[in-house]
Amino acid sequence: MTAPYPLQAFAPERSAPLILALPKGRILAECGELLERAGIRPAPDYADEASRRLRFPTDHAELDVIRVRSFDVATFVAFGAAQLGICGADVLMEFDYSEIYAPLDLGIGHCRLSVAEKKETAGSDDPNRWSQVRVATKYPNIARRYYAARGIQAEVVTLNGSMELAPSLGLARVIVDLVATGNTLKANGLVETAVIAPITSRLIVNRTALKTEPELIGAWIARFRAALGETG
Ligand code: PRP
């Protein structure tokens, strides 16, 4: 059914800049290169992790960027506090926010979401025969879903980081965490026993913002698409 009026007619006049939420930490440099290719130049202290500023103007008066934790990028966008964001597929898998639309795989932040455990226990028994397992992770939903699909009840201990300590200290037998080079696992006596999903970063968009300002938001999506060398 076609709407009897143009939906855009009801879009409020935008006076404030759009907000693009970006994750701090490991993919900040890769994000910087992508923004450069997309012709977006944030104020220079955006790339300075020591800067206490959290919101930065860009060379586009109508676009500001904010720098937040990777999990919080999704929250800002889901609630419409930011209209656009760059966010790992791991975060999207964990929260499954219905308000987020993820139109583009940006091909940065390559890593994988994996299961790991102490090299001493890995292979000592068949995980297919487990009935329960304790898991340390910052991805409780993914971990529960992963084990539930295998008929294993996961008791999840939620941590915010440094999961790799959990097996050696008896907090949990396994961890579910991101693995990039594998150096953190190795340095902590752990081995990867299963890959849950390959991960890259996505451009994400607030669905309501896209509905109310399709041309404006669509133009920014197109700009990122062009920066990736993709068309239409
Ligand atoms: C991530 C992840 C691992 C590490 C893996 O942590 O949680 O700890 O990177 O990378 P590697 O395989 O290259 O060693 P991050 O440094 O992003 O910090 P976090 O602990 O705050 O999540």
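1. In this predicted model, about 910 Å² of area is buried between domain 1 and domain 2, and carbon and sulfur atoms give 55% of that area. On the side of domain 1, Asp90, Met93 and Glu94 supply 61% of the area that this domain buries against domain 2, which is more than any other three residues supply.

2. The division behind that interface places residues 7–109 + 200–227 in domain 1 and residues 111–199 in domain 2. Eight residues from domain 1 and 14 residues from domain 2 take part in the contact, while the C-alpha centres of the two domains lie 30 Å apart.

3. As to the kinds of interaction across the interface, the count of salt bridges between domain 1 and domain 2 is zero, whereas five residue pairs are found in polar contact there, with both partners at pLDDT 80 or more. Helix H3, which covers residues 89–95, gives the most to the side of domain 1 that touches domain 2, with four residues. The residues on that side of domain 1 divide into three nonpolar, two polar and three charged.

4. The structure as a whole holds nine salt bridges, and a few of them deserve separate comment. One is formed by the side chains of arginine 55 and aspartate 64, with an N to O distance of 2.9 Å. The surroundings of these two partners should be read separately: arginine 55 has a relative accessible area of 42% and is therefore partly exposed, whereas aspartate 64, with a relative accessible area of 11%, is buried because it falls under the 20% limit.

5. A further salt bridge brings together the side chains of arginine 202 and aspartate 105, at 3.8 Å from N to O. This pair links distant parts of the chain, since arginine 202 belongs to strand E11 (residues 201–206) and aspartate 105 to strand E5 (residues 100–105), 97 residues apart. Arginine 202 is partly exposed, at a relative accessible area of 24%, and aspartate 105 is also partly exposed, at 38%.

6. Arginine 173 and aspartate 125 form another salt bridge, in which the closest N and O atoms are 2.8 Å apart. Here too the pair links distant parts of the chain, 48 residues apart: arginine 173 sits in the loop between strand E8 (153–158) and strand E9 (174–179), and aspartate 125 in the loop between strand E6 (111–118) and strand E7 (132–137). Arginine 173 counts as partly exposed at 26% relative accessibility, and aspartate 125 is partly exposed with a relative accessible area of 34%. Elsewhere, Glu36, Arg41 and Asp59 are joined into one network by salt bridges that share partners.

7. Arginine 173 has a second acidic residue to consider, because a polar contact of 2.9 Å joins its side chain to that of glutamate 117. Glutamate 117 is found in strand E6 and has a relative accessible area of 2%, so this residue counts as buried. Leaving aside residues up to four places away in sequence, glutamate 117 touches Ala122, Trp130, Arg173, Val174, Gly189, Leu190, Val191 and Thr193.

8. For a reader at the bench, two places may be worth viewing on the model. One is helix H3, the element that gives the most residues to the side of domain 1 that touches domain 2; the other is arginine 173, which has a salt bridge to aspartate 125 and a polar contact with glutamate 117.

Definitions and conventions. Residues numbered from 1 in each chain as written. Predicted model: local features only at pLDDT ≥ 70, side-chain atom pairs only at ≥ 80, totals over all residues. Heavy atoms only, no water. Domains from an automatic or database assignment. Contact = heavy atoms within 4.5 Å. Buried area = accessible area lost by both parts, 1.4 Å probe. Salt bridge = Lys/Arg side-chain N within 4 Å of Asp/Glu carboxyl O. Polar contact = N/O pair within 3.5 Å; in protein donor to acceptor, adjacent residues only side chain to side chain. Helix = DSSP H or I, 4+ residues; strand = E, 2+ residues; numbered from the N terminus. Nonpolar A, V, L, I, M, F, W, Y, C, P; charged D, E, K, R; others polar. Buried < 20%, exposed > 50% of the residue type's maximum accessible area, 1.4 Å probe, protein only.
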